[in-house]
Amino acid sequence: MAYFLRKLAFFVLTLWAAVTLNFLIPRLQPGDPAEAILRRLGGDQGPSTVDPAQLEAIRTMLGISGENIVVQYGQYIASIFRGEFGVSYTYFPYSVTDVIGDAMLWTLVLVGVTTIFSFIVGTLLGTWAAYRRGTRVDGVLTLGSTFLGTLPYFWIALLLIYVFAFQLQWFPEGGGYSSTVPGLGGEFLVDAFQHAVLPAVSLLITGPIGWILAMRNNMVQSLGEDFSRLAVARGLSERRIAISYGARIAILPSVTGFALALGGLFGGTVLVEQVFNYPGLGRLLVEAVGNRDYPLLQALFLMTTTGILLANLLADVAYGILDPRVRREVSA
């Protein structure tokens with residue numbers, strides 16, 4: 001019990017620190033978002049041309065508080081508990097909650113499905129490579145994964161776009177859907193699926209590489225431990241030793257990595273969504289940074305941080321349940 005309480009206390013403390021930093025960092029940045037909006041609306045006009053009355057009106061519309069920073073901090077904490085993150089400066093007058101809700105589904109469907117599939121495929125292939133270690137299968141999987149791992153992701157993504165979008169014209173080169181397709185329906189789903197194929201393939205090519213190499217190396221190490229040698233001495237079959245002794249221990253570090261990957265989904269995959277102009281949370285994050293959209297930035301960072309911390313907490317709990325040695329080490 002002490003192990004789980006310590007992990008929960010660490011989670012609460014870290015979350016409080018992350019929320020506080022999330023409040024402070026945007027306010028330490030130079031510039032005024034209201035001035036930025038007026039300059040963007042007015043083209044190349046400089047700060048000296050900004051009308052103070054217009055500036056105050058924009059601040060009022062955006063809900064920018066003139067209170068001191070302590071009062072703002074209290075209002076910020078209260079708004080989090082109410083689930084209110086204000087109005088997006090970029091997508092005014094839409095609220096941050098509505099903007100994130102529209103983008104989240106695209107990211108969860110694309111990145112969520114490919115992440116889960118990559119983990120399953122990578123773990124199984126890594127287990128197979130370790131089980132057949134020293135054979136041709138092990139060599140092909142290890143060398144192939146190492147080679148693909150040296151290629152930059154954007155290079156693979158651009159190659160897919162060039163071949164399948166521009167040369168063969170099988171799939172669209174970017175975007176999440178065609179603006180000419182009316183409403184939600186079967187035609188829209190088919191169109192959205194066609195737009196998701198190339199980003200998904202690029203993720204499925206690069207995604208399993210890390211899981212393969214990590215699982216293979218961890219399992220080979222586990223099979224060399226004393227408990228595996230004892231299982232061999234007991235006369236257990238090679239397959240049972242590989243699965244019950246090697247894979248069971250080797251998968252623990254991968255569980256942590258998988259939990260963190262799922263937690264990071266709330267931040268989207270910036271590079272994927274930028275290369276394919278995909279309408280997810282990653283592209284939203286880039287837009288928020290470029291436009292100094294503090295409410296949107298804070299909400300996205302808070303979601304990402306909370307997701308990663310929760311995933312880390314669940315991984316620690318899983319560790320404590322699967323491996324009793326971890327609980328004993330903490331209690332000692």
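This section describes two helix packings, one cavity and one pocket in a predicted model.

Helix H6, spanning residues 136-150, takes part in both packings considered here. Against helix H5 (residues 96-131), H6 packs at an angle of about 135 degrees, and the two axes lie 8 Å apart. Angles over 145 degrees count as roughly antiparallel and those from 65 to 115 degrees as roughly perpendicular; H5 and H6 are therefore oblique to each other. Their crossing is left-handed. On the H5 side, the contact is formed by Leu-125, Trp-128 and Ala-129, and on the H6 side by Val-137, Asp-138 and Leu-141. Classified by residue type, the contact of H5 with H6 comprises 5 nonpolar residues and 1 charged residue, with no polar residues.

H6 also packs against helix H8 (186-223). Here the angle is about 130 degrees, with the axes 9 Å apart, which makes H6 oblique to H8. The crossing of H6 and H8 is likewise left-handed. H6 contributes Asp-138, Thr-142, Ser-145, Thr-146, Leu-148 and Gly-149 to this contact, whereas H8 contributes Ile-205, Ile-209, Ile-212, Leu-213 and Arg-216. By class, the contact of H6 with H8 contains 5 nonpolar, 4 polar and 2 charged residues. Asp-138 thus appears in the contact of H6 with H5 and in that of H6 with H8.

H5 and H8 also recur in the description of the second largest pocket, as each gives two or more residues to its lining. The space in this pocket amounts to about 420 Å³. Its lining consists of 16 residues, of which Trp-106, Val-109, Ala-192, Ala-196 and Tyr-278 are the closest to the centre of the pocket. The lining of the second largest pocket divides into 14 nonpolar residues, 1 polar residue and 1 charged residue.

With respect to enclosed space, the model has 1 cavity of 30 Å³ or more. The volume of the largest cavity is about 60 Å³. Its lining is made up of Lys-7, Phe-10, Phe-11, Leu-309, Asn-312, Leu-313 and Asp-316. At least two of the lining residues are supplied by each of helix H1 (2-28) and helix H13 (294-322), and H13 gives the most, with 4 residues. In terms of class, the lining of the largest cavity includes 4 nonpolar, 1 polar and 2 charged residues.

Conventions
Residues numbered from 1 in each chain as written. Predicted model: local features only at pLDDT ≥ 70, side-chain atom pairs only at ≥ 80, totals over all residues. Heavy atoms only, no water. Axes fitted to C-alpha atoms, helices over the stretch in contact; angles between N-to-C directions. Parallel < 35°, antiparallel > 145°, perpendicular 65-115°, else oblique. Left-handed = near helix turned anticlockwise from the far one by under 90°. Contact = heavy atoms within 4.5 Å. Nonpolar A, V, L, I, M, F, W, Y, C, P; charged D, E, K, R; others polar. 1 Å grid on protein atoms, 1.4 Å probe; cavity = no way out; pocket = protein on both sides within 12 Å on 5 of 7 lines; lining within 4 Å. Points joined across faces, edges and corners; volume = space filled by probe spheres on them.
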